[in-house]
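Grab a coffee and keep the viewer open. Below are a few short exercises, each with a worked solution to check yourself against.

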Amino acid sequence: MHSVFNLVICLCFMFSPAHAKEPAIRKLDYAQNFSIAEHQGCTLLTVRNAYRNSSRHFQYALVPKEADIPEGIPDSAKVLRTPIKNVVLMETVYIGYLDAIDQLGSIRGAATANYISHPNVVARVESGAIQ
């Protein structure tokens, strides 16, 4: 489950909501088990098969902070206001993903800080910037 949340956070950083009038699904060339659709100024992210033997799917509505929540978003979708500015990592493996999109500065907490080996993140843990 932590993997799903971390994937969503990374995608929040990578995709800013478009202002489409009609839902439009973005074509993904290599990724599997999730889809991204634009809907009335927000982005709907659907994650399928989030973990082994799962038939559940999770939906997230990425809505700009200054915008109203659009109608027609599924009731089961979690609303995340974008841009995401701060994250807490439940697994240190995701540090590499945040580094790849130049978002190490957004880390505010880590569940297993004693296992972090990335020098920039270790320095921020030691300074108290990451709890």
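**Exercise 1. Work out how strand 3 pairs with strand 4, then place strand 3 among its neighbours.**

Keep in mind that you're looking at a predicted model.

Step 1: Start with strand 4, residues 57-64. Strand 3 pairs with it in the antiparallel sense, over six bridges.

Step 2: Now look at strand 2, residues 34-39. It also runs antiparallel to strand 3, and six bridges join the two.

Step 3: Check the link between strands 2 and 3. They form a hairpin with two residues between them, and Q40 in that turn has a positive phi of about 45°.

Step 4: Pick one residue and follow it both ways. T43 is the bridge partner of E38, and T43 also stands opposite L62 in strand 4.

Step 5: Ask how covered strand 3 is. Six of the seven residues in strand 3 (residues 42-48) are buried.

**Exercise 2. Decide whether S76 is buried or exposed, and say where S76 sits.**

Step 1: Find S76 on the chain. You'll see it in the loop between strand 4 and strand 5 (78-82).

Step 2: Apply the cut-off. Exposed means over 50% relative accessible area; S76 comes in at 52%, so S76 counts as exposed.

Step 3: Look across to F58. The two residues are 18 apart along the chain, and their C-alpha atoms are separated by 8.0 Å.

**Exercise 3. List what makes up the largest nonpolar core, and find the elements that feed it.**

Step 1: Collect the members. There are twelve residues in all: I84, V87, L89, Y94, I95, L98, L104, I107, A110, I116, V121 and I130.

Step 2: Sort them by element. Strand 6 (87-89), helix 2 (95-100) and strand 7 (107-110) each give two or more residues to this core.

Step 3: Note that another core lies apart from this one. It has eight residues, among them F34, V47, F58 and Y60.

Step 4: Zoom in on I116. Leaving out residues up to four places away in sequence, I116 touches T92, I95, A110, V121, V122 and V125.

**Exercise 4. Sum up the whole protein: how many helices and strands are there, and what share of the residues is buried?**

Step 1: Count the elements. You get three helices and seven strands, in the pattern α-β-β-β-β-β-β-α-β-α along the sequence.

Step 2: Turn to burial. Of the 131 residues, 40% count as buried.

Step 3: Finish with the surface. The accessible area comes to about 8200 Å², and 51% of that belongs to carbon and sulfur atoms.

How values were computed:
Residues are numbered from 1 along each chain as its sequence is written. This is a predicted model: local features need pLDDT of at least 70, side-chain atom pairs count only at pLDDT 80 or more; totals for chains, interfaces and linings use all residues. Side-chain values use heavy atoms; hydrogens and water are left out. Buried means under 20% relative accessible area, exposed over 50%, partly exposed in between (1.4 Å probe, protein chains only). Helices (H or I, at least four residues) and strands (E, at least two) are DSSP runs, numbered from the N terminus. Two strands pair if DSSP finds at least two bridges between them. Accessible areas come from the Shrake-Rupley method with a 1.4 Å probe; for residues, only the protein chains shown count as cover. A nonpolar core is a set of buried Ala, Val, Leu, Ile, Met, Phe, Trp, Tyr and Cys residues joined through side-chain atoms within 4.5 Å. Contact means heavy atoms within 4.5 Å.
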